[in-house]
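Let's take a walk through this fold together, one sheet and one helix at a time. Keep the structure open beside you as you read.

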Amino acid sequence: MNIPILTIDGPSGAGKGTVSRSVAKRLGWHYLDSGSIYRSLAIAVLDEKIKFEDIAEIANVAKTMALEFDCDEELAVRLNGIDITSRLPTEETGNAASIIAAYPEVRTVLLQKQKDFHKAPGLVADGRDMGTVVFPEASKKVYLTASAEERANRRYKQLKEKGIDANLVRITEEIEKRDRRDQERSVAPLTAAKDSLYIDSSNLSVDQVIEKVMNLVP
Ligand code: C5P
């Protein structure tokens with residue numbers, strides 16, 4: 001049987017997480033937050049004080065790390081048995097993730113970990129290259145974006161709500177820098193799959209975006 005996949009790709013802060021989680025819940029499908037896999041690896045690399053240039057060692061950590069995902073209401077992640085959920089959203093983690101995500105060796109190792117999420121009755125996969133590289137066979141694809149200013153505003157609010165210290169100007173700069181890094185890297189760069197539905201959420205509410213995405217699924 002063909003297990004359906006809906007991919008939602010786009011830049012950081014476009015609302016992919018909220019939309020994907022909600023759509024997965026409504027459909028009763030599994031949810032893959034692929035960014036959290038890169039973020040978890042980044043935490044392992046930071047904790048083990050591995051240099052960002054040491055690609056072989058980073059790929060080795062990617063191979064050996066044990067990740068457990070618990071996606072009930074909110075995503076919870078354990079790395080080698082330790083709960084790292086609260087460390088996932090920080091800017092430090094996001095920036096480190098985007099640096100190591102540019103290494104082809106790392107992406108190859110993490111590919112199978114992502115494909116493992118493809119289980120019945122269906123999967124909503126959220127990331128940068130879900131529709132282009134990891135699940136090119138997906139029948140439904142969305143590219144969700146928003147202006148850099150709007151995304152920075154949203155990220156700022158999110159971090160504040162979680163009680164994490166944040167600075168709007170710095171977040172905007174970091175988002176623009178991360179966009180460039182994700183779009184310009186040589187492997188799996190952030191780009192809309194040709195067969196994706198393009199949604200600019202700058203002037204849309206979360207519910208409006210969810211409705212557009214739900215309309216895609218029969
Ligand atoms: O989506 P999120 O902000 O959690 O992703 C963190 C970083 O992980 C991104 O900036 C990107 O560099 C990387 N990533 C990726 N491919 C994915 C998901 C995330 O390269 N599918």
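**A walk through the fold**

We can begin with a small sheet: 3 strands make up an open sheet in the order β3-β4-β5, and their pairing is antiparallel. Its edge strands are β3 (67–71) and β5 (82–83), each of which pairs on one side only. Please bear in mind that this is a predicted model.

Follow β4 (residues 75–79) and you will see that it pairs with β5 in the antiparallel sense over 2 bridges. One place to look is Leu79, whose bridge partner in β5 is Ile82. Between β4 and β5 there is a loop, and Asn80 lies in it. The backbone of Asn80 deserves a glance, since phi is positive there, about 45 degrees, although the residue is not a glycine. Asn80 has a relative accessible area of 44%, so it counts as partly exposed.

Stay with strand β4 a little longer, because Leu75 lies in it and is buried, with a relative accessible area of 13%; the cut-off for buried is under 20%. Which residues does Leu75 touch, leaving aside its neighbours within four places in sequence? They are Asp33, Ser36, Phe69, Asp70 and Thr85. For a sense of scale, pick Leu75 and Ala188: they are 113 residues apart along the chain, and 25 Å separates their C-alpha atoms.

A helix accompanies this sheet as well. Helix α2 (residues 34–47) lies across β3 and β4 and runs at about 35 degrees to β4. In the loop between α2 and α3 (55–64) you will find Lys49. Like Asn80, which has a positive phi, Lys49 is a residue other than glycine with a positive phi, in this case near 55 degrees. With a relative accessible area of 72%, Lys49 is exposed.

Now let us turn to how helices pack. Two packed helices are described by the angle between their axes and the distance between the axes. For α2 and α5, the axes come within 11 Å and cross at roughly 130 degrees. That angle makes α2 oblique to α5, and the crossing is right-handed. On the α2 side, the contact involves Ser34, Ile37, Tyr38 and Leu41, which meet Val106, Arg107, Leu110 and Gln114 in α5. Sorted by class, the residues of this contact are 5 nonpolar, 2 polar and 1 charged.

If you follow the chain beyond α5 (104–115), you enter the loop that leads to β6 (123–127), and Pro121 has its place there. Pause at the peptide bond between Ala120 and Pro121: this bond is cis, with omega at about 10 degrees.

A second helix pair is worth visiting. Helix α4 (residues 91–100) packs with helix α8 (residues 168–184) at an angle of about 20 degrees, and their axes are 10 Å apart. Angles under 35 degrees count as roughly parallel, and α4 and α8 therefore fall into that class. Here the crossing of α4 past α8 is left-handed. Glu91, Gly94, Asn95, Ser98 and Ile99 in α4 meet Glu174, Arg178, Arg181 and Asp182 in α8. What classes do the residues of this contact divide into? There are 1 nonpolar, 3 polar and 5 charged residues.

The last stop is another sheet. Strands of a sheet pair through backbone hydrogen bonds, either parallel or antiparallel. In this open sheet, 5 strands follow the order β2-β6-β1-β7-β8 with parallel pairing. At its edges stand β2 (30–33) and β8 (197–200); each has a single partner strand, so one side of each has no neighbour in the sheet. On average, and ignoring direction, neighbouring strands of this sheet are turned by 15 degrees against each other.

Within that order, strand β1 (residues 5–9) runs parallel to strand β7 (residues 140–145), and 4 bridges join the two. You can locate this pairing at Ile8, whose bridge partner in β7 is Val142. Finally, add the helices to the picture. Helix α1 (residues 16–27) lies across β1, β2, β6 and β7, running at about 175 degrees to β6. Helix α9 (residues 206–216) lies across β1, β7 and β8, and its direction is at about 165 degrees to β7.

Note on methods:
Residues numbered from 1 in each chain as written. Predicted model: local features only at pLDDT ≥ 70, side-chain atom pairs only at ≥ 80, totals over all residues. Heavy atoms only, no water. Axes fitted to C-alpha atoms, helices over the stretch in contact; angles between N-to-C directions. Parallel < 35°, antiparallel > 145°, perpendicular 65-115°, else oblique. Left-handed = near helix turned anticlockwise from the far one by under 90°. Contact = heavy atoms within 4.5 Å. Nonpolar A, V, L, I, M, F, W, Y, C, P; charged D, E, K, R; others polar. Pairing = 2+ DSSP bridges. Buried < 20%, exposed > 50% of the residue type's maximum accessible area, 1.4 Å probe, protein only.
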